[in-house]
Amino acid sequence: PAQRSFTVDTVAPTGTVTIQGGAVQTRTRTVTLTLSAIDPAPATGVTALRISNTTSGLNSATWTAYTPTRHWTRTSGAGTKTVYVQYRDAAGNSSPVAQDTIRYKP
């Protein structure tokens, strides 16, 4: 008789975000994010991410195609700024939230 097997991916990816190459301070609101994610076995591959300037905003942020870098504009006003990122794999599993901070001093 014919047999068929398959694997179900229930393992969420993990990832990190780094603002401006790890700088502690910037004078510009638009920064470069370095995005890195892995999808452990049984991997279906990281396919999407969403980004926000607030944790509450992350839930309504649009999922976009995963890329290793992205330009991002943070909120106005001087001070410490945080960027929040979440990754998703092809099976629909979402990662824990990754975050990084930088001080904005215009």
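**Asp 89**

I started with Asp 89 in this predicted model and looked for a salt-bridge partner. I found that Asp 89 is buried but has no salt bridge. The nearest side chain of opposite charge belongs to Arg 88, and I noted its distance as 6.9 Å. A salt bridge needs a side-chain nitrogen of Lys or Arg within 4 Å of a carboxyl oxygen.

I placed Asp 89 in strand S7. Which backbone nitrogen lies 2.8 Å from a polar atom of the side chain of Asp 89? I found that of Asn 93.

I then listed the contacts of Asp 89, leaving aside neighbours within four places in sequence. They are Asp 9, Val 11, Pro 13, Asp 39, Thr 44, Gly 45, Val 46 and Thr 47.

**Val 83**

I stayed in strand S7, which also holds Val 83. Is Val 83 buried or exposed? I put Val 83 down as buried, because its relative accessibility is 0%.

I checked what Val 83 touches, not counting residues up to four places away in sequence. The list includes Val 17, Ile 19, Leu 33, Ile 51 and Trp 72. Polar and charged residues are on the list too, among them Ser 52, Asn 53, Arg 74, Gln 99 and Asp 100.

I also looked up Thr 101, which is 18 residues from Val 83 along the chain. The C-alpha atoms of Val 83 and Thr 101 are separated by 6.4 Å.

**Aromatic pair**

I searched the whole structure for aromatic pairs and got one. Tyr 66 and Tyr 87 form this pair, with 5.9 Å centre to centre and 70° between the planes. I entered the geometry as edge-to-face.

Where do the two rings sit in the chain? Tyr 66 is in the loop between strand S5 (64-65) and strand S6 (69-73), while Tyr 87 is in strand S7. The two residues are 21 apart, and the pair links distant parts of the chain.

I compared their burial. Tyr 66 has a relative accessible area of 26%, so I call it partly exposed. Tyr 87 is at 0% and therefore counts as buried.

**Nonpolar core**

Tyr 87 came up again when I looked at the largest nonpolar core, which has 14 residues. Those with the most contacts inside this core are Leu 33, Leu 35, Val 85 and Tyr 87.

I noted the strands that each supply at least two residues of the core: S1 (14-19), S3 (30-38), S4 (46-52), S7 (79-89) and S8 (98-104). Strand S3 gives the most, with four residues.

Notes:
Residues numbered from 1 in each chain as written. Predicted model: local features only at pLDDT ≥ 70, side-chain atom pairs only at ≥ 80, totals over all residues. Heavy atoms only, no water. Core = buried A, V, L, I, M, F, W, Y, C linked by side-chain atoms within 4.5 Å. Buried < 20%, exposed > 50% of the residue type's maximum accessible area, 1.4 Å probe, protein only. Lys, Arg positive; Asp, Glu negative; His and termini not counted. Polar contact = N/O pair within 3.5 Å; in protein donor to acceptor, adjacent residues only side chain to side chain. Contact = heavy atoms within 4.5 Å. Phe/Tyr/Trp six-rings, centres within 6.5 Å; stacked < 30°, edge-to-face > 60°.
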